[in-house]
Amino acid sequence: MAISDESLEAIKELKISSVLENQGIRLKRVGREFVTQCCWHSDTNPSLTISDDKGFLFCHVCREGGDVIKFFMKKYGLSFRDACEKIAGQNNLYLNFKEEDPEKAAERKKLIANALSQTTRQQSLYRSSLKGSAVAIDFIKNRKILPETSRLFGLGFDRNQNRITIPIQNRHGDIVGFTARSIGEEKPKYKNTANNEIFTKSDLVFNEFNATESIRELDYCIFVEGHFDVISMRQAGFANCVAIQGTASPSDQVIERLSRKSNKFILCMDADAGGVKAVGLFLQSIQKKALRGDLDVKIAVLQGCKDPDEAIKLGLDMHNVISNASPWIDWILDQWLGSLDFSDQSKLQDVEKKIKALISQISSAALRTHYFDKCAIALAQNRQNVAAQILKNFLSGTKLQSKSSVWHKPEKGWTRQEAEKKLLRLYIHHNDLRQLLRPMMEFLIVPDMIWLWNRILELESHYTIGFTKESLMAILAVAEPIYMQKLRPITVPTISISSSLSVVMHIEDVMFSQSALNA
Ligand SMILES: [Zn+2]
């Protein structure tokens, strides 16, 4: 059985760089392209250029190349079919096979051709009934859709159902179905073509065919929820806009396909709970790619209106809205932190966990630190609020249990390492002692402690208000595992340490007597 054309097309639509990376092949980015070692000649320098945009690999030394299947065949000595199976298996594609029976295949082809000619017939029928219906024309006018826009999108009228029709094209430009909007009181407001041999809802985004060139040219793609949003956006000058079908997120194939035109997505969904849900689902489906930095996703938030269509009618400057879109991680964090109930400790901890899990997956170390810090500050502010609440309770008569512990000098004394650890612990957790302890840092000799102290110095030079325990923990989280393991206990504020002067004196004792010995 041969692999079906659809499956082959799906393989060819995969981003080659991702396929190679999934296979563990090392790539080097050069502008919009990548290079790796050529498998057609014995290559010492990486000479094989990978173009995701063009969908092929090419070696400028031996002038060999081809698509990703040809590459796998050569590199791993596979047959065409085995290469396809290997690629499909690693990239979550399900391969379909051509029906063996040529009669069946021909039947299916005929079925598709029939379905396509039927939708084409329907379309011309709807177009001509629109011309004869004053009510329908008025409806379109009232929605502030200009005649040329109406023509561009092929709006029509279904007389039997009393609905405005919007044809939906597949990525090749064939009309495969319709969305029909009632112009009276008929429910539901929208009716959509059901899935059939030519219409697969999850594999379609509205306006993909017409938006493709603009997406490539402007190098970003706007996603909205509704068909009328796309139409209004087009009138407002955004030809690079597509609509997801319903609130379900588009399939991986659609994402893959569009990200080949541009890897910059801006989501501008409805300003309601449904819109938030749509953004959430969309982000879930692209999260891996976005965390790796393969996709640059931003969220544009509408204020004072329900969707882009209404925003444009109200005269909102959509260029402003789009250019103020914020990175997707900020949007998620705002969702989590914005709805946080600070008096609920267990929820607070849940959110902290979620934040850590998300941020720790970001590939870029600089971004990880940035977001850890952002959240640390937000959470620290909240903690102060919690502290303020506790204080208020205390003043109003509720007694707080306070533990006072007396520090006893350890019998054996500390090792040099222990003393230095305690010194850094005190420095980190006792703001009031920092000035006193700072001069002692010059005398650190344990490499890990010197490393930690250098990080603290870096943080202090970046923040005028002084570093936070959280920002330091963020640094450790992205550090070499060896440092993280050793130093994390020092930054975690769960082990209490007395800050009495006798402790400081004992540290001093150990550090200076031993450093004298070492000298
Ligand atoms: Zn070569």
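In this predicted model, helices α1 and α10 lie oblique to each other, because the angle of about 50° at which they pack falls outside the ranges that count as roughly parallel, roughly antiparallel or roughly perpendicular. Helix α1 spans residues 5–13 and helix α10 residues 252–261, and their axes are 9 Å apart, with a crossing that is left-handed. On the α1 side the contact is made by Ala10, Lys12 and Glu13, which meet Gln253, Glu256, Arg257 and Arg260 of α10; by class, this contact comprises one nonpolar, one polar and five charged residues.

A second helix pair is formed by α17 (residues 416–429) and α19 (residues 447–462), whose axes come within 10 Å and cross at roughly 20°. An angle under 35 degrees counts as roughly parallel, and α17 and α19 are therefore described in that way. Here α17 passes α19 in a left-handed crossing. Glu420, Lys421, Leu424, Tyr427 and Ile428 of α17 meet Met449, Leu452, Trp453, Ile456 and Glu460 of α19, and the residues of this contact divide into seven nonpolar, no polar and three charged.

| Helix pair | Angle | Axis distance |
|---|---|---|
| α1 and α10 | about 50° | 9 Å apart |
| α17 and α19 | roughly 20° | within 10 Å |

The model also contains a zinc ion, coordinated by Cys38 (SG), His41 (ND1), Cys59 (SG) and Cys62 (SG) at 2.0 to 2.3 Å. Along the chain, the donors of the zinc ion follow the spacing C-x2-H-x17-C-x2-C. The four donor atoms subtend angles of 103 to 118° around the zinc ion, and the arrangement is therefore tetrahedral. For four tetrahedral donors, the ideal angle at a metal is 109.5 degrees.

Note on methods: Residues numbered from 1 in each chain as written. Predicted model: local features only at pLDDT ≥ 70, side-chain atom pairs only at ≥ 80, totals over all residues. Heavy atoms only, no water. Axes fitted to C-alpha atoms, helices over the stretch in contact; angles between N-to-C directions. Helix = DSSP H or I, 4+ residues; strand = E, 2+ residues; numbered from the N terminus. Parallel < 35°, antiparallel > 145°, perpendicular 65-115°, else oblique. Left-handed = near helix turned anticlockwise from the far one by under 90°. Contact = heavy atoms within 4.5 Å. Nonpolar A, V, L, I, M, F, W, Y, C, P; charged D, E, K, R; others polar. Donors = N, O, S within 2.8 Å, 3.2 Å for Na, K, Ca; no water. Tetrahedral: all angles 85-135°; square planar, octahedral: opposite > 155°, others 65-115°.
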